[in-house]
Amino acid sequence: MQAFSTQFTLSREYLAECFDQTSPFEKKSLLKKWFPALLLLAGLALLMFTDQPKVAGSMLIGLAILELIHLRFKRTWWLTRQMWGRSSNSEVKLSVSEEGIETQNPYTKTSLAWSDVETVIETELGFILVAKSGGRQYLSKSLFPAELVSEILAKFN
């Protein structure tokens, strides 16, 4: 595999692309959908069936409402949290080599060896590297020359 290096800005547009391209491949969990209902039921039960101060029940109901808002506005919620992070709008250095992929910004440095990659999922605008440990990393195809994209995809297909 040819060595390649580039830089890009971790902008709102790039992060939006990351979310939009990876969300169809997200692990689905029933707990995510039932969690607000469980919080709401527990909060109501505490309010109705105990003589304790009403703070705990009210907090659980508030958390249930917050979780429902999170589910409804998932993309906006995720993008806002990412933009509040200190890595937002920072320059990211991306390097591809025979050993793997390395990303570095002023705050973090990550590397993923090719031997640790279980599979690569191709999306419309990029690809998702799925590590054997279960972690995932999205990379936009716009960062790479076309021949390198096909090399990466061919390596795992």
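Which residue lies over the face of F73? In this predicted model, the answer is R72, found 5.0 Å from the ring centre. The legends below visit other close-up views.

**View 1. F4 and F144 meet as an aromatic pair.** A pair of aromatic rings is described by the distance of the centres and the angle of the planes. For F4 and F144, the centres are 5.9 Å apart and the planes make an angle of 45°, a tilted arrangement. F4 belongs to strand 1 (residues 4–9), while F144 sits in the loop between strand 7 (136–140) and helix 5 (146–156), so this pair ties together parts that are 140 residues apart in sequence. F144 counts as buried, with 7% relative accessibility. Look for F127 here too: ring pairs link F4, F127 and F144 into a cluster. The whole structure holds five aromatic pairs.

**View 2. W114 and F156 form a tilted pair.** Here the ring centres are 5.8 Å apart, and the planes stand at 45°. You will find W114 in the loop between strand 4 (109–113) and strand 5 (117–122), and F156 in helix 5; the pair therefore ties together parts that are 42 residues apart in sequence. Is W114 buried or exposed? Its relative accessible area is 6%, so W114 is buried.

**View 3. The largest nonpolar core brings together 31 residues.** In soluble globular proteins, nonpolar side chains tend to be buried together. The residues with the most contacts inside this core are Y14, W114, F127, L129, L139 and F144. Several elements supply at least two core residues each, including strand 1, helix 1 (12–22), strand 2 (91–96) and strand 6 (126–131). Strand 5, strand 7 and helix 5 each do so as well.

**View 4. Y14 and the residues it touches.** Leaving aside residues up to four places away in sequence, Y14 touches F8 and T9, along with Y138, L139, S140 and L143. Y14 and L139 are also among the core residues with the most contacts.

**View 5. Four strands form an open, antiparallel sheet.** Follow the strands in the order 1-2-3-4. Strand 1 and strand 4 stand at the edges with a single partner strand each, so one side of each has no neighbour in the sheet. On average, neighbouring strands are turned by 15° against each other, direction ignored.

**View 6. Strand 1 runs antiparallel to strand 2.** Strands of a sheet pair through backbone hydrogen bonds, either parallel or antiparallel. Six bridges join strand 1 to strand 2. Which residue of strand 2 is the bridge partner of S5? Look for S95.

Conventions: Residues are numbered from 1 along each chain as its sequence is written. This is a predicted model: local features need pLDDT of at least 70, side-chain atom pairs count only at pLDDT 80 or more; totals for chains, interfaces and linings use all residues. Side-chain values use heavy atoms; hydrogens and water are left out. Rings of Phe, Tyr and Trp (its six-membered ring) pair if their centres lie within 6.5 Å; planes under 30 degrees apart count as stacked, over 60 as edge-to-face and the rest as tilted. Buried means under 20% relative accessible area, exposed over 50%, partly exposed in between (1.4 Å probe, protein chains only). A charge sits over a ring if NZ of Lys or CZ of Arg is within 6 Å of the ring centre and within 35 degrees of the ring normal. A nonpolar core is a set of buried Ala, Val, Leu, Ile, Met, Phe, Trp, Tyr and Cys residues joined through side-chain atoms within 4.5 Å. Contact means heavy atoms within 4.5 Å. Two strands pair if DSSP finds at least two bridges between them. Axes are lines fitted to C-alpha atoms, for helices over the stretch in contact, and angles run from 0 to 180 degrees between N-to-C directions.
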